[in-house]
Amino acid sequence: MCTPEETSLLQAEETFLALLGRINTLVFQPLLLAEEPSNSKDQECMRLLLQLSEQYQHLWDLTQASLQTLRQRLNCPTTVSLHTLHLLHSPDLFLEAYQQYFVIYSSCMAVQTFQKATRKKSEFWRSQRKALKQFLTSVTLETSGAAGLPHILCQPLTDHVQQYVLILLRLGDAVDEHHSARELIIQAADRFVTLQSFIRQVLDEALATHSLWEMLGNRLVDALCMADRRLLLDSQEVPVVANPVRADRVLLFNDVLVLLQGHSFQTFNLKLVWMDARLDNKQISSRYGFHVITPEEEFFLSAKDAQGKACWLSKVSQAICQVLSGRRDIPVLEQHQNQERVEPPTSRYCLYTFRTEDRLRLATYDGNWSWGKPHGKGTLKWPDGRNHVGDFHHGLEHGFGIRLVPHGPEDKYDCYKCHWREGQMQGYGICEYANESVYKGYFRDNMRQGFGVLESSPQAPQPFKFIGHWDRDKKNGYGVWEDKDRGERYIGMWQADHRHGQGIVVTQSGICYQRTFHADKMVGPGILLLEDDSLYEGSFTRDLAYIGKGKITFPNGYFLKASFSTGVGKGFHTQGVLETTAHPLDPTHTCKRQLGLDAFPVESRWQGIYQQFREFIYSNCPEDAQEAFLGFHVQTAKELRKSQEYLFCDRGNPDEVSAKIKDILAELPTHREPESLQLYLQKALKSSVHPLGKLLKLLTLTFQATYSGLGANKHLLVLAQEEVQQHAKEIWAFYQGLLGVALEQQGQVQEESEDTSKSHSEAYRLVLPIILPCFYPELFMLYMLYHEKEDSLYSQGIADLSLFPDTKLLECLDVQKHLWPLKDLTLTTNQRYSLVTDKCFLSATECLQKIITTVDPREKLEMLEKTYVEIEDTVSRILEREYKLPMDDLLPLLIYVVSRARIQHLGAEIHLIRDMMDPIHSGGLYDFLLTALEVLVSYMVQPTHTNNVLCVKLNFNSSENAAFLTLMSYGNNTCRMPVFESWASVTKANLESLRCFPVSQRQSSPVYCPSSLSVPNIHANGQALVCSCKCMTLYGQWPPFIWSYLMKPMMSSTSSIWKITYPQ
């Protein structure tokens, strides 16, 4: 059953709905039928009236919906409950509609919209006075009906809200205390009470604002008057004084703070106003003052007493919260529930154009703020077209940012994507210039500083690429310059953007030279290596024309010492002496001459890279500086320049692109056992987001830029080899530094620094095998070029041996027949053993072929050891007993396996293994097997049908208890070799003694002595022996021998005649 209050509510809604209809007919329709607005002020008035009419219609619709639910309730009280009443079910819809209506209504009042709208039809509204009187109860219309319009559009609605409150309160008392709808009724009544307070507040503010506009002059009104602007507080009502700025009056509006001084004024957007009341007496003269902070000015407001200060603080705080939220009603409603002042947030987001600050004058900043300064992420745009988007800190660019700087009238920009520190570019960055050249590297104080790569566009008139060190925006120190137009690559020293100091130039034709440069000009003599292995020492021009005194050494050993000159129309002139005496040429002086070793110590070449990572370690790996030191990933400038209106800063999620350093440091100490550490280093060095991986990636870039393409020159082999080994040491040192920081952060103490030799051993053992694949393509190409001639002879030797069937080859190699694996041969019909090819020792052959499937020297050595094991296993299976091969049997079998494996560039492979293997293997089994392989390859490349006359001298040193065969005449080299009776005496204990020591350089080269055969001709010549030998080979720099000899001294003197044997 329905209560009388529900009936009263129904009647009130019916009466109010009818009243709304009449007001719409008599007021809104005539107002909206006014003439077309002729100026901006009239247009603003019409806009407000349209908004008010739309909101009025919304209230009308809500009232109809409420009336409909009331009728349903009264018609069927048993089936329709109180919960279904629209007024109780959705009270927020009513509150929102009334709030919006009175906000728009107050705007019309503040700017006198009704007076302006009715001014041109005053006669019409005067004639409507009697019709309008029915809507008013407390206002008398005397002269014009238009004067009553504000009351007509306000009073009926406020009266109806009052009716809602009264009826809902009575309804709440009428229903049972335990009724489920009673709580809804009480909540709705409370909300409408709050709505009444809100309506009174906005009407009072509109009236005060209207009064202010009436008091101020037209100039100030035109500048300050806005429809949505309300006066909240006036210093004439609550006194306050501004200093040090001068102001006669301080006005607080709902969106700005205004300081009036005569006919001038200053406005401060409340979104960018901060207040600080926690000040000491030294800062302000009055203890009732507070600090006001804005983007470009700071001043103090001082009240007369504590109450005045509290009033201003409260009002300003409330206004700031309202303008930041964009809903001026929400703080007001909360203020009635909680009288405590709500502190505005210190971090805000706003758009602002600077007016006076020098650096940012007329620039517009859109982004986050804190205490009057850009702080956080934002976008800064200057009128001249410059744009900066990124992170800010206390008003300065700080953190990652992207800046576009326009160039010329065309739509071209320099695009800087880098890290900033206190307004300056600092750390890693990428710059894409307007001329389409790109710089990737490090900055400091807005200049390129440290390691960096500058590359021009491929379409540039003179395309180039520089990778190296920079100092104060100029190329300085070690660097590599590639002139793509001339087809040259310069590797060397720079100073002030000029080649200065020692440098190497490599051309696309294969010519390379080393010279001293001064300000881009070559000075002094140099070394020029031609493609035919001729060597010129002297002065020459950039076009490689000889000038002045010089010496040319030809590949055949001839040399020319002369003076050279050129002239226009005169051709090339030379005067000197050509020496044609046949002197064997030192290959290390011509075809295998290495450049740059003394000019560029390996420790000083890429300090620009190492220094950045060392600084990261020295600063204890700060997480906020990780990207600045280690780099980042970011999109191209073309994407950024798609439209300046949509400039954005996005380098992907930094957490995904770059692993957090704190997580890396936390994990590091957990991998200190050898196996775990090796797995961790493999993972870290292969990861592009780990500091170790980023360092390796950078070093790989420099290596490729130096030694690939034009840099693939055999005269740079040792230079490249040194770099790879140095990179391994530096990466290990960087890991040790990271580990030290990690242990320190965990309160642990790192062990004392290890000695240098042990540290280098760890670098070879743990780091070098992991990083070598990154450098292997370029490095192995240099090895192939360096050993090209030897490998060519080796390939020819392999081709010759491939013509032999298995049994014939085994016979030629003098392999004992009981060792032939004939059991492994399966013959088909009409097939003989003599025709079978590539079937013997197949498992050992396949094992040796795997040596090229890996780049790790240790794994290559393991494959070599497995090959040796497979040969012994095969022989043991044939003999049906375990059998250890003596060297007399092993060497020919190894030759067979090597010939059948047909490995390309085996000489280059062997030398790479020798140079890059862990020094710990020196003198061990791996070293022995590798030396044996070296000797066998030397056998493959030996001339097979030439006689070589050697002069040898036998010496016996009783104090050393050793016999030495001294090579007296072979080119310009002299060496001595320890001699053993047979291979059986070569054991692991004396393996290290199997060395050949050149007297001139004391550089060791292995020599092995197989078992004896007979020798036909020996001629005595004093204490020297002259023999005719068919089996001499060249190996490396010094000649080892595959021939056999057995020495039995005929007498115990220091000189003896020996019986020397060699194969026929």
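Helix α28 spans residues 906–916 of the predicted model. Of its 11 residues, 8 are buried, so the helix is largely enclosed by the rest of the structure. A residue counts as buried when its relative accessible area is under 20%. In α28 the buried positions are L906, G907, A908, E909, I910, L912, I913 and M916. The glutamate E909 is thus listed alongside residues such as L912 and I913. An α-helix has 3.6 residues a turn, so residues three or four places apart point the same way.

Strands β9, β10 and β11 were examined next. Strand β9 covers residues 347–353, and strand β10 covers residues 364–370. The two pair in the antiparallel sense, with 7 bridges between them. Within this pairing, R348 lies opposite W369 of β10. Strand β10 also pairs with β11, which runs over residues 373–381. This pairing is antiparallel as well and comprises 6 bridges. Here G367 faces G378 of β11. The hairpin formed by β10 and β11 has 2 residues between its strands. One residue of this hairpin, W371, adopts a positive phi near 50°. In a regular strand the side chains alternate between the two faces of the sheet.

Values for the whole chain complete the description. The protein chain holds 29 helices and 33 strands. It has 1064 residues, of which 51% count as buried. Contacts were also sorted by sequence separation. Among those between residues at least 6 apart in sequence, 53% join residues at least 24 apart. The exposed area of the protein chain is about 51,100 Å². Carbon and sulfur atoms supply 51% of that area.

Methods. Residues are numbered from 1 along each chain as its sequence is written. This is a predicted model: local features need pLDDT of at least 70, side-chain atom pairs count only at pLDDT 80 or more; totals for chains, interfaces and linings use all residues. Side-chain values use heavy atoms; hydrogens and water are left out. Buried means under 20% relative accessible area, exposed over 50%, partly exposed in between (1.4 Å probe, protein chains only). Helices (H or I, at least four residues) and strands (E, at least two) are DSSP runs, numbered from the N terminus. Two strands pair if DSSP finds at least two bridges between them. Contact means heavy atoms within 4.5 Å. Accessible areas come from the Shrake-Rupley method with a 1.4 Å probe; for residues, only the protein chains shown count as cover.
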